[in-house]
Amino acid sequence: MATTLAKAARSVEYAARLEHVSKSFATPGGSQLVLDDISLDVAPGEFVTLLGASGCGKSTLLNLVAGLDEPTAGTIRTDGRPALMFQEHALFPWLTAGKNIELALKLRGVPRPERRGKAEELLELVRLQGAYGKRVHELSGGMRQRVALARALAQESQLLLMDEPFAALDAITRDVLHDELTRIWSETGLSVLFVTHNVREAVRLAQRVVLLSSRPGRVAREWEVGIPQPRRIEDAPVAELSLEITEVLRGEIRRHGQH
Amino acid sequence: MASTDTTSTDAPAAGSVEAGLDALETTQSSRIPFRRTLIDKILPPLAAIAVVLLVWQGLITLKIVDDPTKLPTPGAVWGAFRDDWLQGKLLGYIWTSVSRGLLGFCLALVLGTPLGLLVARVKFVRAAIGPILSGLQSLPSVAWVPPAVIWLGLDNSMMYTVILLGAVPSIANGLVSGVDQVPPLFLRAGRTLGATGFRGTWHITLPAALPGYVAGMKQGWAFSWRSLMAAEIIANFPDLGTGLGQLLENARTASDMAMVFEAILLILFVGIAIDLLIFSPLERWVLRSRGLLVKG
């Protein structure tokens, strides 16, 4: 009893806590440090974007938080197993949209009679009612990502990790999905850790933007985004902050050209 | 938190843009009308068969080949079919071979599937027997008939042995290549959903490997059928019942060329028919449900 109470009390503090996390990979020329001493908290219900140029190890960091890989040093604690969404939808093509969601429910231990209803509810949440019986290839890119989002939500995890989930979509679809994600986030009270290389996207979505430097990835700077939601990507304050962050990001990238 | 008030004003607009995008980007698939199928798919092979029959009849009518023991007329071959049909023997020949072939194939499936899984998943097993398994595919299964006859004698178990040796490697190899081609993304997605260990194999790996597995089954059937015909031709023994291979061998000993043609055509058509009735629809269904088959 005491342990469960302690756990419950602790889980209010953070959705994810990274302490001095480092990661290196073995390469033919020795080991390469990809992430260096990263400490980061994601509060319950908080929306954080991780921003960085290529080579900053943002996807590696997300894999570590998701538990798909082990850090070389440091600790990562999460409140339960996080849900993860990829740049590719990663839906299983041998299942319908609805059955993809039901598989997530099944693997979580939801009894069979409840699954169908829950799957329909989740499809409704991403505004895809009626897509239950659709095959993955029958859906557009934006619809696939929404089903993937519904499947991630089916895990009922406190923390949703997103690895550039909208990078492969066209601008209008991405814009609509930004609105959807903001709406779903505020409706569900989820914590989100969202990785992107798109500065405006980061500012459009997040409460807090964390900029990673490249090779090795370190936390370079953080910004609190005080602009009230609903925001639009073309809003003046979004553009203004984006410009500021872009300057810092460029400075980070420039350092690599000097030696 | 500077974020809560998102829904009321913006949502309907966002929703309708979304609905419009969904409608624009969803492709409508419709059924192909029967007339199109008739003209595109059914007429061309019928025309090809007609040409072959015309050339065949032409060779005889124009006396280019003038020896009925070498080349019978299409009419004579038709007569051989009709006689066997009227005597009620035709279906018996077909059934003897088809029942052997399908039973042998099912046995091959039961043995080949766990073998393929083992090779695909266990490194040591793969290193040990993987190369032999794919090498066995290029060994004509006729080569197994003599040893099978010596080991097991002239009976049905020898036929099944030859079928197994022909089909098991194809089925196992198909499954191995199916498993090898499972995109790593599916495995990662499965793991984040909690599908690890046996649940990962059952829910992710096996269904993801199905296209390769079905391709292996298709090839396995072709190999089963070939091995069985070889076994039936070589191990011709009256007590075994007359299958299509025996029919061919009997026709040869009787020097009845029309019957030889009848047997060859039956072997060909039954092999094609099983493929068209069972394996091709299965493969099409697997590929189409995954959007891997583009309608042409």
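What radius of gyration does chain A have, and what would a compact globule with 259 residues have? In this predicted model, chain A has a radius of gyration of 19 Å, which agrees with the value near 18 Å for a compact globule with 259 residues. The C-alpha trace of chain A spans about 60 × 50 × 40 Å along its principal axes. Eight helices and nine strands make up the secondary-structure elements of chain A. Buried residues account for 48% of the 259 residues in this chain. Sequence separation adds to the picture: among contacts in chain A between residues at least 6 apart in sequence, 71% join residues at least 24 apart.

Turning to the domains, chain A is divided into domain 1, with residues 25–82 + 159–259, and domain 2, with residues 91–156. The centres of these two domains, taken over C-alpha atoms, are separated by 26 Å. Their contact takes ten residues from domain 1 of chain A and seven residues from domain 2 of chain A. On the domain 1 side, the largest share comes from helix H6 of chain A (residues 171–188), which supplies five residues. By class, this side of domain 1 of chain A holds eight nonpolar residues, one polar residue and one charged residue.

Helix H6 of chain A also appears in the contact between the chains. That contact takes 36 residues from chain A and 31 residues from chain B. On the side of chain A that touches chain B, the elements giving two or more residues are strand E5 (83–85), helix H3 (97–107), helix H5 (141–153) and H6 of chain A. Of these, H6(A) gives the most, with eight residues. The side of chain A that touches chain B has 18 nonpolar, ten polar and eight charged residues.

It is worth looking next at the interior. In soluble globular proteins, nonpolar side chains tend to be buried together. Here, the largest nonpolar core has 135 residues, of which A:Leu161 and A:Leu193 touch the most other members. Helix H9 of chain B (residues 197–234) gives the most to this core, with 15 residues. The core also draws at least three residues from each of domain 1 and domain 2 of chain A. A closer view of A:Leu193 is helpful: leaving aside neighbours within four places in sequence, A:Leu193 is in contact with A:Ala16, A:Val42, A:Val48, A:Leu50, A:Val65, A:Leu159 and A:Leu161.

Key
Residues are numbered from 1 along each chain as its sequence is written. Chains are lettered from A and ligands numbered from 1 in the order in which they are written. This is a predicted model: local features need pLDDT of at least 70, side-chain atom pairs count only at pLDDT 80 or more; totals for chains, interfaces and linings use all residues. Domain bounds come from an automatic or database domain assignment. Two residues are in contact if their C-beta atoms, placed from the backbone, lie within 7 Å. Helices (H or I, at least four residues) and strands (E, at least two) are DSSP runs, numbered from the N terminus. Ala, Val, Leu, Ile, Met, Phe, Trp, Tyr, Cys and Pro count as nonpolar, Asp, Glu, Lys and Arg as charged, and the others, Gly among them, as polar. A nonpolar core is a set of buried Ala, Val, Leu, Ile, Met, Phe, Trp, Tyr and Cys residues joined through C-beta atoms within 7 Å. A residue is buried if 20 or more other C-beta atoms lie within 10 Å of its own, exposed if 12 or fewer, and partly exposed in between; C-beta atoms are placed from the backbone. The radius of gyration is taken over C-alpha atoms; the globule rule is 2.2 Å times the number of residues to the power 0.38.
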